[in-house]
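Q: Please take a close look at one part of this model: its side-chain contacts and what surrounds them. Short sentences will do.

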Amino acid sequence: MKILVGYRGNNVGKDLLLLAARYAKAFHGEVFVVTSLMGGEKTTKELIVDAEKGLEDAKSFFAQEQLPCQTHLLIRGNTAGEDLVKFATEKGVEQIMIGVKSRSKVGKLIFGSTAQYVILKADCPVTTVK
């Protein structure tokens, strides 16, 4: 089973990694940990360095769990949702895991643009973690 984790390296990210590890162990899966940045003026060197550090931390986590993991930093000029869905299709991913932020009641209804896009456009099941 191929599992994609949309990762931003925050506290929700830790829960995502734990859940992905459980799935990978249960289904003998491999994990793709992906961070997407927009690129251009919106992406500073600091953001790239932080993203790379977060991906290295994720890779270390899966190495400790003795699970196969690939990390990818995508800077392709797409929104995060578009990048995650395209990457999942390209790699034949069978499960996507993403975090969602706590928001107002209306915000919770629509999750946020990235989560909403991935949930509606992905060709595979999407699991969200609060």
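A: **Polar pairs and their surroundings**

The side chains of asparagine 78 and aspartate 83 are joined by a polar contact of 2.9 Å. The model is a predicted one. Asparagine 78 sits in the loop that runs between strand 3 (69–74) and helix 3. Is asparagine 78 buried or exposed? Its relative accessibility is 14%, so asparagine 78 counts as buried; the cut-off is under 20%. Which residues does asparagine 78 contact beyond its neighbours within four places in sequence? They are Ser36, Leu37, Met38, Asp83 and Lys86. Asp83 thus appears twice: as the polar partner and in the contact list.

Glutamine 95 makes a second polar pair. Its side chain meets that of threonine 127 at 2.5 Å. Glutamine 95 belongs to strand 4 (residues 95–99). With a relative accessible area of 6%, glutamine 95 is buried. Neighbours within four places in sequence aside, glutamine 95 is in contact with Met1, Lys2, Ile3, Leu4, Tyr23, Cys124, Pro125, Val126 and Thr127.

Now the frame around these residues. The protein has 5 helices and 5 strands. From the N terminus on, they run β-α-β-α-β-α-β-α-α-β. Of its 130 residues, 40% count as buried. Take contacts between residues at least 6 apart in sequence: 75% of them join residues at least 24 apart.

**The nonpolar core**

In soluble globular proteins, nonpolar side chains tend to be buried together. Here the largest nonpolar core has 19 residues. Which residues have the most contacts inside it? They are Val5, Tyr7, Leu17, Ala20, Val31, Val33 and Phe62. Strand 1 (2–6), helix 1 (11–27), strand 2 (30–36) and helix 2 each give two or more residues to this core. Helix 1 provides the largest share, 6 residues.

Alanine 20 shows how these parts meet. Leaving out residues up to four places away in sequence, alanine 20 touches Ile3, Val5, Val31, Phe62 and Met97. There is also a second, separate core of 16 residues, with Leu4, Phe87, Ala115 and Val118 among them. Leu4 is also one of the contacts of glutamine 95.

**Helix 2, side by side**

Helix 2 covers residues 45–64, which is 20 residues. What span should helix 2 have at 1.5 Å a residue? The expected value is 28 Å; the end C-alpha atoms are 29 Å apart, and that agrees. Its buried residues are Ala51, Gly54, Leu55, Ala58, Phe61 and Phe62. These cover an arc of only 115 degrees around the axis, so they lie on the same side of helix 2. The other side carries exposed residues: Lys45, Glu46, Lys53, Ala63 and Gln64.

**Aromatic pairs**

How many aromatic pairs does a search of the whole structure find? It finds 3. In one of them, the rings of phenylalanine 32 and phenylalanine 87 have centres 5.8 Å apart and planes at 75 degrees; the pair is therefore edge-to-face. Phenylalanine 32 is in strand 2 and phenylalanine 87 in helix 3 (residues 80–91), so the pair ties together parts 55 residues apart in sequence. Both phenylalanine 32 and phenylalanine 87 are buried.

Another pair joins phenylalanine 61 and phenylalanine 62. Their ring centres lie 5.1 Å apart with planes at 80 degrees, so this pair too is edge-to-face. Phenylalanine 61 is buried at a relative accessible area of 17%. Phenylalanine 62 is buried at 0%. Phenylalanine 62 is also among the contacts of alanine 20.

**Two positive phi values**

Most residues other than glycine have a negative phi. Glutamine 66 is not a glycine, yet its phi is positive, about 55 degrees. Glutamine 66 comes just after helix 2, in the loop between helix 2 and strand 3. At 72% relative accessibility, glutamine 66 counts as exposed.

Histidine 28 also has a positive phi, near 50 degrees, and is a residue other than glycine. Its place is the loop between helix 1 and strand 2. Is histidine 28 buried or exposed? Histidine 28 is exposed, with a relative accessible area of 72%.

Technical notes. Residues are numbered from 1 along each chain as its sequence is written. This is a predicted model: local features need pLDDT of at least 70, side-chain atom pairs count only at pLDDT 80 or more; totals for chains, interfaces and linings use all residues. Side-chain values use heavy atoms; hydrogens and water are left out. Helices (H or I, at least four residues) and strands (E, at least two) are DSSP runs, numbered from the N terminus. The expected span of a helix is 1.5 Å times one less than its number of residues. Buried means under 20% relative accessible area, exposed over 50%, partly exposed in between (1.4 Å probe, protein chains only). The arc is that of the directions from the helix axis to the C-beta atoms. A nonpolar core is a set of buried Ala, Val, Leu, Ile, Met, Phe, Trp, Tyr and Cys residues joined through side-chain atoms within 4.5 Å. Contact means heavy atoms within 4.5 Å. Rings of Phe, Tyr and Trp (its six-membered ring) pair if their centres lie within 6.5 Å; planes under 30 degrees apart count as stacked, over 60 as edge-to-face and the rest as tilted. A polar contact is a pair of N or O atoms within 3.5 Å; within protein, one must be able to donate a hydrogen and the other to accept it, and residues adjacent in sequence count only if both atoms are side-chain atoms.
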